[in-house]
Amino acid sequence: MGKLSTHVLDTMHGGPAKGVKIELYAAGETRKLLKTDTTNADGRCETPLLGPDEIQAGVYELVFHAGDYFAARGVVMPNPRFVDQVVIRFGVANPKENYHVPLVVTPWTYSTYRGS
């Protein structure tokens with residue numbers, strides 16, 4: 001059975017990003033908040049964002065509050081922040097598969113990929 005998970009890596013400081021607020025939305029015809037979580041010391045959420053009984057085919061959005069994370073770490077950033085809320089919109093075609101959507105981030109750049 002499939003699931004949706006994530007983790008956040010802070011490449012400015014060279015490690016997992018603890019304390020990043022993450023929001024998960026269903027992003028079909030209407031946008032609906034499904035879950036809010038915060039990353040742990042390993043940069044991960046304690047449980048999957050969507051478990052096997054919750055994940056469905058469709059379009060989702062993950063919103064990572066990266067700017068707030070870096071500000072809390074004392075990083076001086078311009079106003080407005082260059083990277084603030086990172087929104088990753090992605091599709092789940094087969095809910096029987098695992099979808100792992102990590103974020104690799106600094107105050108100036110970010111990247112993602114589909115893991116398993």
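Two strands count as a pair when DSSP finds at least two bridges between them, and with that in mind the strands of this predicted model can be followed one after another.

The protein chain contains one helix and ten strands, and read from the N terminus its elements run β-β-β-β-β-β-α-β-β-β-β. A useful place to begin is strand β4, which covers residues 21-27. This strand and strand β6 (residues 58-65) pair in the antiparallel sense over five bridges, and within that pairing I22 has F64 of β6 as its bridge partner. Strand β5, made of residues 31-38, also runs antiparallel to β4, and seven bridges join the two. Here A27 is matched with R31 as its bridge partner in β5, and β4 and β5 form a hairpin in which three residues lie between the strands. Because five of the seven residues of β4 are buried, that strand is largely enclosed by the rest of the structure.

Turning from this strand to the whole chain, 42% of the 116 residues count as buried. A compact globule with 116 residues would have a radius of gyration near 13 Å, and the 14 Å of the protein chain therefore agrees with that expectation, while the C-alpha trace spans about 40 × 30 × 20 Å along its principal axes. Among contacts between residues at least 6 apart in sequence, 60% join residues at least 24 apart.

As for the surface, the accessible area of the protein chain comes to about 6,400 Å², and 51% of this belongs to carbon and sulfur atoms. The chain has 12 positive and 12 negative charges, whose mean positions are 1 Å apart.

Technical notes: Residues are numbered from 1 along each chain as its sequence is written. This is a predicted model: local features need pLDDT of at least 70, side-chain atom pairs count only at pLDDT 80 or more; totals for chains, interfaces and linings use all residues. Side-chain values use heavy atoms; hydrogens and water are left out. Buried means under 20% relative accessible area, exposed over 50%, partly exposed in between (1.4 Å probe, protein chains only). Helices (H or I, at least four residues) and strands (E, at least two) are DSSP runs, numbered from the N terminus. The radius of gyration is taken over C-alpha atoms; the globule rule is 2.2 Å times the number of residues to the power 0.38. Contact means heavy atoms within 4.5 Å. Accessible areas come from the Shrake-Rupley method with a 1.4 Å probe; for residues, only the protein chains shown count as cover. Lys and Arg count as positive and Asp and Glu as negative; His and the chain ends are not counted. The place of a charge is taken as NZ of Lys, CZ of Arg, CG of Asp or CD of Glu.
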